[in-house]
Amino acid sequence: MNILPTQQNLASWGCVFCGELETVRHALVWCSQAQRFWRLFPFPIFAHATVESDIKEWFQVLAAEMSSSQLEQIMVGLWSLWHTRNLCVWNGQCCSPEESLSCAMRTLHDFQARNALPRPGVMRTKSHWQCPPMGTIKINVDGAF
Ligand SMILES: [Zn+2]
């Protein structure tokens with residue numbers, strides 16, 4: 001019966017994965033779920049975290065040491081961890097760190113593919129509407145992904 005989200009109840013709810021007090025640092029870095037996720041990452045991340053550092057300090061160290069490409073992957077990784085946590089908390093759809101990492105890399109790949117800058121020297125051809133041959137019907141449609 002004590003399920004209303006009062007401040008006391010919200011403060012007593014633990015991490016959905018391990019039951020410990022959930023802070024931002026815990027959810028994104030120190031939770032066993034997050035640690036497993038970062039150990040699967042394409043390059044070492046977890047070595048940059050110290051017990052004392054808060055999430056801002058942790059990210060500042062990463063920002064100073066990583067390339068922009070690596071930071072891009074880390075940001076998508078952080079998003080994926082939080083997204084995965086929310087799916088588990090709010091929808092009961094819990095997934096493994098492996099699935100969370102796969103989601104992150106797929107999301108990053110899709111983002112990069114859709115936002116790729118055109119290569120120099122590559123011209124996009126413009127298409128022009130052409131009247132269909134007599135006796136046929138032409139249907140024009142538009143779509144976006
Ligand atoms: Zn946890």
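This text walks through a predicted model of one protein, from its overall make-up to its helix contacts and two single residues.

Start with confidence. The protein averages a pLDDT of 85. Of its residues, 88% score at least 70. Confidence varies from element to element. Helix α3 has the highest mean pLDDT among the elements, at 94. Helix α1, residues 7-12, has the lowest, at 76. Where pLDDT is low, the predicted coordinates should not be read in detail.

Now the overall make-up. The protein has six helices and zero strands. Read from the N terminus, the order of elements is α-α-α-α-α-α. The protein has 145 residues, and 15% of them are buried. Consider next the contacts between residues at least 6 apart in sequence. Of these, 51% join residues at least 24 apart.

Turn to the helix pairs. Helix α6 spans residues 97-114, and two packings involve this helix: one with α3 and one with α5.

Take α3 and α6 to begin with. Helix α3 covers residues 32-40. The axes of α3 and α6 lie 9 Å apart, and the two helices pack at an angle of about 55°. Angles of 35 to 65 degrees fall between roughly parallel and roughly perpendicular, so α3 and α6 are oblique to each other. The crossing of α3 past α6 is right-handed. Which residues of α3 meet α6? They are Gln33, Arg36, Phe37 and Leu40. On the α6 side, the partners are Pro97, Glu98, Ser100 and Leu101. By class, this contact of α3 with α6 holds four nonpolar, two polar and two charged residues.

Next come α5 and α6. Helix α5 runs over residues 68-91. Its axis comes within 9 Å of the α6 axis, and the two cross at roughly 130°. That angle makes α5 oblique to α6. Helix α5 also passes α6 in a right-handed crossing. From α5, the residues in this contact are Glu72, Gln73, Val76, Gly77, Ser80, Leu81 and Thr84. From α6, they are Ser100, Cys103, Ala104, Thr107 and Leu108. By class, the contact of α5 with α6 has five nonpolar residues, six polar and one charged. Ser100 of α6 appears in the contact with α3 and in the contact with α5.

Two single residues round out the picture. Look at Ala27, in helix α2. Is Ala27 buried or exposed? Ala27 has 21 other C-beta atoms within 10 Å, so Ala27 is buried. Beyond its neighbours within four places in sequence, Ala27 is in contact with Cys15, Glu22, Ala34, Leu81, Trp82 and Arg85. Leu81 is thus named here among the contacts of Ala27, and Leu81 of α5 also meets α6. Cys15 lies twelve residues from Ala27 along the chain, and their C-alpha atoms are 7.5 Å apart.

The other residue is Gly19. Where does Gly19 sit? Gly19 is in the loop between α1 and α2, and α2 takes in residues 24-30. Gly19 has 9 C-beta neighbours inside 10 Å, so Gly19 counts as exposed. Cys31 is twelve residues away along the chain from Gly19. The C-alpha atoms of Gly19 and Cys31 are separated by 9.5 Å.

How values were computed: Residues are numbered from 1 along each chain as its sequence is written. This is a predicted model: local features need pLDDT of at least 70, side-chain atom pairs count only at pLDDT 80 or more; totals for chains, interfaces and linings use all residues. Axes are lines fitted to C-alpha atoms, for helices over the stretch in contact, and angles run from 0 to 180 degrees between N-to-C directions. Helices (H or I, at least four residues) and strands (E, at least two) are DSSP runs, numbered from the N terminus. Angles under 35 degrees count as roughly parallel, over 145 as roughly antiparallel, 65 to 115 as roughly perpendicular and the rest as oblique. A crossing is left-handed if the near helix is turned anticlockwise from the far one by less than a right angle, and right-handed if clockwise. Two residues are in contact if their C-beta atoms, placed from the backbone, lie within 7 Å. Ala, Val, Leu, Ile, Met, Phe, Trp, Tyr, Cys and Pro count as nonpolar, Asp, Glu, Lys and Arg as charged, and the others, Gly among them, as polar. pLDDT is the predictor's confidence in each residue, from 0 to 100. A residue is buried if 20 or more other C-beta atoms lie within 10 Å of its own, exposed if 12 or fewer, and partly exposed in between; C-beta atoms are placed from the backbone.
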